[in-house]
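Open the model in your viewer and keep the selection panel at hand. The tour goes stop by stop.

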Amino acid sequence: MIIPTRIWEYVITAIVIIIAPGPSVLFIVARAIAWGRKTAVFTAVGSVSATFILSVLVALGLGPILQRSDLAYAPVQWGGGAYLIYLGIDAIRHRKIHAADITAKKSAHPTAMKSMRDGFWVGILNPKTLVFYAAVLPQFIDRDRGSVTTQLLFLGALFAIMALISDSSWALLAGTARKWLATDLGRLVVLRATGGVVMITLGALVVIAAIRHTLG
């Protein structure tokens, strides 16, 4: 059986990090404001494709290590938690700059393929997702239930499905409310700051879990 025993805890944690307005969400919102829902949805598809590829790479890289030793995972957990906190602080510090960039970047209307390609590059370079896969996701595996790599692949695929639903929802909502969002930078600033707070909180929880694991 490849489904870990803590699957519902994982789902809740994944939902929290997915809905937090990070680089990918803000990019999708920017596309919705500039060109509408269709372009934003295609951008979301590209971003989630990158998210799934990252999950596969992490699973293949960390799976064999975690299968042998929990101690080998400790440095990744500590570093990942600290980096999430850093990303959250950076998001809050530069929230106004990030919000201004959203409304400033406009060019010719992109095709569906270009939208997916642009979304893919934003997704593949999104540090929030990579850190989540490397530092958070392995906490929910259960070595008594078979291959760790297979479990990581399963959890990564589940994350990608939830991300597609969430990002597409952001695209549709932002496309519908594009005038409301574009006319007030303050709303975008709040979005970015909220994402920062969520990342700091998640990073702190990862560090606490690492401390407990080390002391235990």
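How much space lies in the largest cavity? About 120 Å³. This is a predicted model, and it holds one cavity of 30 Å³ or more.

**Stop 1: the cavity lining.** Select Ile17, Ile18, Ser24, Val25, Ser47, Thr51, Asn126, Lys128, Thr129, Phe159, Ala163 and Asp167; these residues line the largest cavity. Now colour by element. Helices H1 (7–19), H2 (23–35), H3 (37–68), H7 (127–136) and H8 (148–176) each give two or more residues to that lining. H8 gives the most, with three residues. Switch to colouring by class: five lining residues are nonpolar, five are polar and two are charged.

**Stop 2: the whole fold.** Zoom out and show the cartoon. The protein has 10 helices and zero strands. Along the sequence the pattern reads α-α-α-α-α-α-α-α-α-α. Of its 216 residues, 47% count as buried. Turn on contacts between residues at least 6 apart in sequence: 88% of them join residues at least 24 apart.

**Stop 3: helix H1.** Select residues 7–19, the run of H1. Put a distance between the end C-alpha atoms of H1: they are 18 Å apart, and this agrees with expectation because 13 residues at 1.5 Å a residue should span 18 Å. Next, show side chains. Ile7, Tyr10, Val11, Thr13, Ala14, Ile17 and Ile18 of H1 are buried. Two of these buried residues, Ile17 and Ile18, are already on screen from the cavity lining.

**Stop 4: the largest nonpolar core.** In soluble globular proteins, nonpolar side chains tend to be buried together. Which residues of the largest nonpolar core touch the most other members? Select Tyr10, Phe132 and Phe159: they do, in a core of 35 residues. H1, H3, H4 (74–93), H7, H8 and H10 (185–215) each supply at least two residues of this core. H8 gives the most here, with seven residues. Phe159 also belongs to the cavity lining.

**Stop 5: around Phe132.** Centre on Phe132. Leave aside its neighbours within four places in sequence, and Phe132 is in contact with Tyr10, Thr13, Ala14, Ile17, Leu137, Phe159 and Leu202.

**Stop 6: another core.** Apart from the largest core lies another one, of 11 residues. Select Val25, Ile28, Ile33 and Leu191, which are among its members. Val25 takes you back to the start, as one of the residues lining the largest cavity.

Key
Residues are numbered from 1 along each chain as its sequence is written. This is a predicted model: local features need pLDDT of at least 70, side-chain atom pairs count only at pLDDT 80 or more; totals for chains, interfaces and linings use all residues. Side-chain values use heavy atoms; hydrogens and water are left out. On a 1 Å grid over the protein atoms alone, a cavity is a set of points where a 1.4 Å probe fits but cannot get out, and a pocket is an open set with protein on both sides within 12 Å along at least five of seven lines; lining residues have an atom within 4 Å of a point. Grid points are joined across faces, edges and corners, and a volume is the space filled by probe spheres set on the points. Helices (H or I, at least four residues) and strands (E, at least two) are DSSP runs, numbered from the N terminus. Ala, Val, Leu, Ile, Met, Phe, Trp, Tyr, Cys and Pro count as nonpolar, Asp, Glu, Lys and Arg as charged, and the others, Gly among them, as polar. The expected span of a helix is 1.5 Å times one less than its number of residues. Buried means under 20% relative accessible area, exposed over 50%, partly exposed in between (1.4 Å probe, protein chains only). A nonpolar core is a set of buried Ala, Val, Leu, Ile, Met, Phe, Trp, Tyr and Cys residues joined through side-chain atoms within 4.5 Å. Contact means heavy atoms within 4.5 Å.
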